[in-house]
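This report goes through a protein model, one feature at a time. Keep the sequence and the 3D view at hand while reading.

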Amino acid sequence: MPEFSVALNYPYAGSMIPLAYWGDSRVQTLMVEVNRSLYQQQGALVSIPRYRHIKNKISTLLSALSMAY
């Protein structure tokens, strides 16, 4: 079973751009949604044991994306 799932434009389509940059063709965006249950206990402000693992995975992803672009 995969550790994560990925979907394009689900549950939300698009991303947010500050109005000052709207229409600037140089601006590229990416919105990443992370299911809170992956890193936080439901109904509490307590991180779960897998928090550091999830944090490292997301950091690795963002680093790879920033190096690619």
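## Val32 and the nonpolar patch

The model is a predicted one. A starting point is Val32, which is placed in the segment before helix H1 (51-68). Val32 is partly exposed, because its relative accessibility is 41% and the partly exposed class runs between 20% and 50%.

Val32 also belongs to a nonpolar patch on the surface. The other members of this patch are Leu30, Val34, Leu61 and Leu62, and the patch covers about 420 Å². To join a patch, a residue needs over 30% relative accessible area; Val32 has 41%.

## The largest pocket

How much space lies in the largest pocket? The volume is about 940 Å³. The lining of this pocket consists of 25 residues. Nearest the centre of the pocket are Ser5, Val6, Ala7, Val32 and Glu33. Val32 therefore appears in two descriptions: as a member of the nonpolar patch and, at 41% relative accessibility, as a partly exposed residue that lies among those nearest the pocket centre.

The lining residues can be sorted by type. Of these, 15 are nonpolar, 7 are polar and 3 are charged.

## Salt bridges

Side chains of opposite charge can pair when their charged atoms come close. How many salt bridges does the structure hold? The number is 3.

One of them joins the side chains of Glu3 and Arg50, with an N to O distance of 3.1 Å. This pair connects distant parts of the chain: Glu3 and Arg50 are 47 residues apart, and each is in the segment before H1. Glu3 also meets Lys57 in a salt bridge, here with an N to O distance of 3.9 Å. Lys57 is in helix H1 while Glu3 is in the segment before H1, and 54 residues separate the two. Glu3, Arg50 and Lys57 thus form a linked network of salt bridges.

Are the members of this network buried, partly exposed or exposed? Glu3 counts as partly exposed because its relative accessibility is 38%. Arg50 has 36% and so is partly exposed. Lys57, with 39%, is partly exposed too.

The remaining salt bridge is between Arg26 and Asp24, whose closest N and O atoms are 2.6 Å apart. Arg26 has a relative accessible area of 70%, so Arg26 is exposed. Asp24 has a relative accessibility of 24% and therefore counts as partly exposed.

## Backbone features

Two points along the backbone deserve a look. Which peptide bond is cis? The bond from Tyr10 to Pro11 is cis, and its omega is near 5°. Pro11 is in the segment before H1.

Asn9 also lies in the segment before H1. The phi of Asn9 is positive, at about 60°, although Asn9 is not a glycine. Asn9 has a relative accessibility of 48%, so Asn9 counts as partly exposed; the exposed class begins over 50%.

Conventions:
Residues are numbered from 1 along each chain as its sequence is written. This is a predicted model: local features need pLDDT of at least 70, side-chain atom pairs count only at pLDDT 80 or more; totals for chains, interfaces and linings use all residues. Side-chain values use heavy atoms; hydrogens and water are left out. On a 1 Å grid over the protein atoms alone, a cavity is a set of points where a 1.4 Å probe fits but cannot get out, and a pocket is an open set with protein on both sides within 12 Å along at least five of seven lines; lining residues have an atom within 4 Å of a point. Grid points are joined across faces, edges and corners, and a volume is the space filled by probe spheres set on the points. Ala, Val, Leu, Ile, Met, Phe, Trp, Tyr, Cys and Pro count as nonpolar, Asp, Glu, Lys and Arg as charged, and the others, Gly among them, as polar. Patches are made of residues with over 30% relative accessible area and no salt bridge: like charges are joined within 9 Å, nonpolar side chains (Val, Leu, Ile, Met, Phe, Trp, Tyr) within 5 Å. Accessible areas come from the Shrake-Rupley method with a 1.4 Å probe; for residues, only the protein chains shown count as cover. A salt bridge is a side-chain nitrogen of Lys or Arg within 4 Å of a carboxyl oxygen of Asp or Glu. Helices (H or I, at least four residues) and strands (E, at least two) are DSSP runs, numbered from the N terminus. Buried means under 20% relative accessible area, exposed over 50%, partly exposed in between (1.4 Å probe, protein chains only).
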